Amino acid sequence: KSAIMNFIIALLIIFPEILRAETHPVFQKANAAFERQEYDTALTFYNQLVDMQPKQKENYFNRGLCFFKAGKFTEALNDFNQSLRLDSSFHQAHYMKVLSLQQTANWKEAEKELALFDTNSAEYKILQKNVFYHRIAVTLSRSWYYMVAIMFLFILIVGVAAKSLSYRKV
């Protein structure tokens, strides 16, 4: 039995990814709380996972998702960035980073991050639509401002003209 145990320990030392985070009880508790939308509870467990395994990108990513769902977009962005520092090719972290940037109205950074995506991917198309709608909203808001200013000037001119015509003697 000890030879088998030594073999298993040797395997775990050589291939630590065998101990997947998904099997950890804290991970299961965190996910259960996340599914119940108890984000504060889930964050407590995700914080424990990050403390226990600070080199695992998934822990930062999952905590970032929890922050995102809780509406804490700046904190989510920090975790997605940390996840990307650990693995720059982590596609889901790039996607969530762009969404977080969009939620914090950091559109220029979102567009820079979007440039890293494959333009044929479904994620790119979804994120590109968000950027497109934002540009339309900005354009319309600026147009609306100018339309109101022009209407105000028109009313002012008509009002002044009407007032000056009413004072003329016939």
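# A guided tour of an eight-helix chain

Start with the whole chain on screen: about 12,000 Å² is exposed, and carbon and sulfur atoms supply 62% of that area. Accessible areas here come from the Shrake-Rupley method with a 1.4 Å probe, and for residues only the protein chains shown count as cover.

Before you click on anything, note that this is a predicted model, in which local features need pLDDT of at least 70, side-chain atom pairs count only at pLDDT 80 or more, and totals for chains, interfaces and linings use all residues. Residues are numbered from 1 along each chain as its sequence is written, and side-chain values use heavy atoms, with hydrogens and water left out.

**Stop 1: the overall view.** Switch to a cartoon display and you will find 8 helices and 0 strands. Helices (H or I, at least four residues) and strands (E, at least two) are DSSP runs, numbered from the N terminus. Of the 170 residues, 31% count as buried; buried means under 20% relative accessible area, exposed over 50%, and partly exposed in between (1.4 Å probe, protein chains only). Contact means heavy atoms within 4.5 Å. Among contacts with a separation of 6 or more, 40% join residues 24 or more positions apart.

**Stop 2: colour by confidence.** pLDDT is the predictor's confidence in each residue, from 0 to 100. The chain averages 75, and 66% of the residues score at least 70. Select helix H1 (residues 2-14) for the lowest mean pLDDT among the elements, 52, then helix H5 (residues 73-86) for the highest, 92. Next, select residues 15-19, where pLDDT stays under 50 and the model has 3 contacts beyond four places in sequence. Where pLDDT is low, the predicted coordinates should not be read in detail.

**Stop 3: the aromatic rings.** Rings of Phe, Tyr and Trp (its six-membered ring) pair if their centres lie within 6.5 Å; planes under 30 degrees apart count as stacked, over 60 as edge-to-face and the rest as tilted. The count comes to 4 aromatic pairs. Show Phe 61 and Phe 90: their ring centres are 5.1 Å apart and their planes stand at 55°, so this pair is tilted. Phe 61 belongs to helix H4 (residues 57-69) and Phe 90 to the loop between H5 and helix H6 (91-103), so the pair ties together parts that are 29 residues apart in sequence. Are these two rings buried or exposed? Phe 61 is buried at 11% relative accessible area, and Phe 90 is buried at 9%.

Now select Phe 68 and Phe 73, whose ring centres are 5.1 Å apart with planes at 70°, so the pair is edge-to-face. Phe 68 is buried, at 18% relative accessibility. Then add Phe 80 to your view of Phe 61 and Phe 90, as these three form one aromatic cluster.

**Stop 4: a buried asparagine.** Stay in helix H4 and pick Asn 62. Its relative accessible area is 16%, so Asn 62 counts as buried. Leaving aside residues up to four places away in sequence, Asn 62 touches Phe 27 and Tyr 46.

**Stop 5: two loop residues.** Most residues other than glycine have a negative phi. Gln 37, not a glycine, has a positive phi of about 60°; look for Gln 37 in the loop between helix H2 (25-35) and helix H3 (39-52). Ala 105 also has a positive phi, near 60°, and lies in the loop between H6 and helix H7 (107-114). Gln 37 is exposed at 59% relative accessibility, and Ala 105 is exposed at 53%.
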